[in-house]
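Student: Hi! Got a minute to go through a structure with me?
Tutor: Sure, let's put it up.
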Amino acid sequence: IVCRSSTAIYGARPDNPAFLSEERTPAAKSQTGTVRDLLEVEAFCNGFRSQWPDITLTLLRFPSIIGPTADTPMTRFLRSKLTPTLMGFDPLMQIIHEADVVEALWHSLSHDASGVFNVGAEGVLPLSRLMALGGKPMAAPIFHLAAYWGNPLLGALGMPVSRTWPIELDYLRYPWVGDLGKMREEL
């Protein structure tokens, strides 16, 4: 069994190390959305693994998936007319192309690799560089407290917050880069 997950389940936190290993306990604090769903799926997989240890279960944690047909929070962020950033923050980002995701899933199915693996492209980029490569002009940075306070205010006014910030704010502020060592060695 091969299951897709995300390095976002580690959470974007100020105390994260530069590279998050697979042994790290998921620490995302999201109560809604995709990250919460991924946490639930991983909890189910862990329970399944303990009940059926003889079944090969592979969990692939991908960073932000990008590509011409990918519809992810990162591609929505990069495709939006305005790509706001948080003042004073330029976190390192890790990405993977959609074609590489398909290749990793196929490789996992055909090679019976069991366990949890962070899977991403080699190297990391600051958010500003990723935006520049995507042809996005740097928007005026927003004071981070105003952005955090503004989301509940916009939601209370009936405005869809996801259009303003398709990525949870902490993921534009703090690192959440997966360590790819295990992928290189075992996958």
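Student: Which residues of α3 are buried?
Tutor: Those are E98, V101, A104 and S108, where buried means under 20% relative accessible area, exposed over 50% and partly exposed in between (1.4 Å probe, protein chains only). Helices here are DSSP runs of H or I with at least four residues, strands are runs of E with at least two, and both are numbered from the N terminus. This is a predicted model, where local features need pLDDT of at least 70, side-chain atom pairs count only at pLDDT 80 or more, and totals for chains, interfaces and linings use all residues. Residues are numbered from 1 along each chain as its sequence is written, and side-chain values use heavy atoms, with hydrogens and water left out.
Student: Where do those buried residues sit around the axis of α3?
Tutor: They are on the same side of α3, because they cover an arc of only 115°, taken from the directions from the helix axis to the C-beta atoms.
Student: And which ones are exposed on the other side?
Tutor: On that side of α3, V102, E103, W106 and H111 are exposed.
Student: New topic: how many disulfides are there?
Tutor: A search of the whole structure gives zero, with a disulfide being a pair of cysteine sulfur atoms within 2.5 Å. For C3, the nearest cysteine sulfur is that of C45, 4.0 Å away.
Student: Is C45 buried or exposed?
Tutor: C45 is buried, with a relative accessible area of 7%. C3 counts as buried too, at 14%.
Student: Last one: where does I55 lie?
Tutor: I55 is in the loop between α1 (33–51) and β2 (58–62). It counts as partly exposed because its relative accessibility is 33%.
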